[in-house]
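Work through the following exercises with the sequence and the model open beside you. Try each task yourself before you read its solution.

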Amino acid sequence: MTTEILILGDGTGGLVVANLLAKQAHRENPDLRIKLIGNSPKHTYQPGMLFLPFQTPGYRTLADIQRDNTDFIGAGIEYVRERITAIDTTARRVTTERGEHGYDWLVLALGCRTVVDAIEGLPERWGKRAHGFYTPDSALALAQALANFDGGDLVVDIAEMPIKCPVAPLEFICLADDYLTRRGLRSRTQLTLVTPLTGAFTKPICNEMLTGMLAGKDIKVVPNASLAKVTDTHIACPDGQTVPYDLLVTIPPHEGSDLIDDAGLGDGLGFGLTDKQTLKAKKAERVFLLGDNTNVPTSKAGSVAHFQAEIVVHNLLREIAGREAQPLADGHANCFIETGHGRAILIDFNYDIQPVPGRFPLPVIGPLSLLKETRLNHLGKLAFKPIYWNMLLPGRPIPLVGSRMSTLGKQMGVLERRH
Ligand SMILES: Cc1cc2nc3c(=O)[nH]c(=O)nc-3n(C[C@H](O)[C@H](O)[C@H](O)COP(=O)(O)OP(=O)(O)OC[C@H]3O[C@@H](n4cnc5c(N)ncnc54)[C@H](O)[C@@H]3O)c2cc1C
């Protein structure tokens with residue numbers, strides 16, 4: 001009998017799950033029918049939106065960071081390009097603008113989105129005095145605004161958490177430092193990061209290191225400050241604190257998918273209530289979630305979606321075979337943090353173990369360094385684009401990097417000394 005698997009969302013998580021499943025089905029389970037539904041004709045390499053505003057070579061136009069989504073649909077996957085309008089987990093049916101699709105198992109990878117309208121004063125200034133880089137169009141508009149910038153107060157503001165890739169605003173301000181230095185404008189620009197976090201990052205050791213690094217670059221950090229309002233001259237926090245700006249770069253509040261809340265699977269903000277170890281939905285059977293639309297306590301990052309995809313496929317196939325899903329997901333995240341001037345930091349962590357110094361992926365040999373600014377880490381970040389297109393999305397294994405975090409090469413003693 002054929003088993004129908006429906007995957008919703010044609011971004012990073014949806015494509016990786018579909019491709020991994022199709023390969024598995026081809027090898028061992030030819031009775032699987034895999035259908036992927038999503039509405040993106042183009043797939044954006046989202047980390048590229050960080051470099052687009054600075055017109056970094058290789059990241060100058062949308063064509064540099066986008067490919068046709070159909071390029072990544074492997075053999076054995078039926079791709080339906082339609083907008084999804086409803087999910088019914090009782091009838092096991094998904095509705096799109098053009099029809100209905102039944103399923104035996106459902107995978108949700110609907111991502112999350114930025115909501116400019118959530119902040120008073122932001123919509124009317126968006127693309128004029130206030131900019132962003134979390135969508136392709138806003139990143140392009142910001143490139144123009146940066147080219148016209150002539151010095152003054154450049155403020156990078158995180159409206160509230162959670163956001164995708166929590167290190168991206170930090171990377172942006174470091175790249176701005178580099179860019180303005182090259183243009184001879186740095187000495188007449190005050191760079192300020194305004195964040196709802198207690199410092200540059202959430203995890204203590206990394207936070208200390210990154211906050212110190214920003215201070216070394218003369219970048220001011222305003223912590224514990226979420227965004228309430230934007231005017232023509234300043235931003236305001238809920239406690240009345242204000243920060244003046246000449247050019248504002250905001251990461252607006254994020255929301256998951258209304259489809260998830262409407263189906264009774266969400267937390268009220270569109271993020272699915274997800275068992276953080278099995279990646280099963282908490283509110284319905286035969287539903288798995290991965291990527292940005294979950295509420296699990298790890299970064300919303302492509303690396304996380306990729307690691308989770310392997311576990312979702314493993315658990316899905318176990319359930320189809322009549323066995324229980326295993327608690328394998330550990331929140332593994334692996335992120336390069338571009339720090340400007342041709343250097344980057346690499347962090348590797350999970351739900352329980354915060355980023356620590358060390359070598360990656362191999363002990364002693366590395367060649368990459370954890371929690372340290374190096375040139376090689378920067379080259380690693382640049383190498384990630386071809387790896388994303390040619391290995392990650394098509395579901396090819398990435399050597400030495402597992403879906404669960406390894407402590408090999410990590411200076412775990414640092415954690416004990418802090419206790
Ligand atoms: C500026 C920036 C820099 C980043 N840098 C990094 C980085 O360096 N490293 C890293 O690991 N991650 C990074 N990320 C994060 C990473 O890109 C995301 O976490 C990742 O793409 C999440 O994958 P996803 O499948 O959950 O969501 P997405 O890739 O966003 O996919 C969601 C898909 O669902 C579809 N969809 C949603 N609703 C519907 C509907 N109603 N009907 C049909 N289809 C629908 C969308 O069209 C989309 O294709 C960055 C993100 C940004 C914005």
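**Exercise 1.** In this predicted model, find which residues Val401 touches, leaving aside those up to four places away in sequence, and decide whether Val401 is buried, exposed or in between.

*Solution.* Begin with the contacts: once residues up to four places away in sequence are set aside, Val401 touches Asn334 and Pro361. Next, place Val401 along the chain, where it belongs to the loop between α9 (375-392) and α10 (413-418). Then count its surroundings: Val401 has 17 C-beta neighbours inside 10 Å, and since a residue needs 20 or more to be buried and 12 or fewer to be exposed, Val401 counts as partly exposed. Finally, compare a position along the chain with a distance in space: Met391 is ten residues apart from Val401, and their C-alpha atoms are separated by 12 Å.

**Exercise 2.** Pro361 appeared among the contacts of Val401; determine what kind of peptide bond joins Phe360 and Pro361, and do the same for the bond from Gly366 to Pro367.

*Solution.* Look first at the omega angle between Phe360 and Pro361, which is about -5°, and the bond is cis. Pro361 itself sits in strand β23 (residues 358-362). Turning to the second bond, omega from Gly366 to Pro367 is near 10°, and this bond is cis as well. Pro367 has its place in strand β24 (residues 366-370).

**Exercise 3.** Cys165 and Arg286 are not glycines; find the sign of phi for Cys165 and for Arg286, and work out how much each is covered by its surroundings.

*Solution.* For Cys165, phi is positive, at about 40°, and the residue lies in the loop between β12 (152-158) and α5 (168-182). Because 24 C-beta neighbours lie inside 10 Å, Cys165 counts as buried. For Arg286, phi is also positive, at about 60°, and its place is the loop between α7 (258-262) and β20 (287-289). Here 17 other C-beta atoms lie within 10 Å, so Arg286 is partly exposed.

**Exercise 4.** Establish the strand order in the open sheet that contains β6, β7 and β8, and explain why one side of β6 and of β8 lacks a neighbour.

*Solution.* Write down the order, which is β6-β7-β8, with antiparallel pairing. Then look at the edges: β6 (84-88) and β8 (100-102) each have a single partner strand, so one side of each is left without a neighbour in the sheet. Direction ignored, neighbouring strands of this sheet are turned by 20° against each other on average. To follow one pairing in detail, note that β6 and strand β7 (residues 93-96) are joined in the antiparallel sense over four bridges, and that Ile84 stands opposite Thr96 in β7.

**Exercise 5.** Identify which residues come nearest to the ligand, and describe how the shell around the ligand is made up.

*Solution.* There are 34 residues around the ligand, of which Gly11, Gly13, Gln46, Gly111 and Gly291 come nearest. Ask next which elements give two or more residues to this shell: they are α1 (12-28), α2 (48-51) and α8 (302-320). Sorting the shell by residue type then gives 14 nonpolar, 15 polar and five charged residues.

Note on methods: Residues are numbered from 1 along each chain as its sequence is written. This is a predicted model: local features need pLDDT of at least 70, side-chain atom pairs count only at pLDDT 80 or more; totals for chains, interfaces and linings use all residues. Two strands pair if DSSP finds at least two bridges between them. Axes are lines fitted to C-alpha atoms, for helices over the stretch in contact, and angles run from 0 to 180 degrees between N-to-C directions. A residue is near a molecule or strand if its C-beta atom, placed from the backbone, lies within 6 Å of it. Ala, Val, Leu, Ile, Met, Phe, Trp, Tyr, Cys and Pro count as nonpolar, Asp, Glu, Lys and Arg as charged, and the others, Gly among them, as polar. Two residues are in contact if their C-beta atoms, placed from the backbone, lie within 7 Å.
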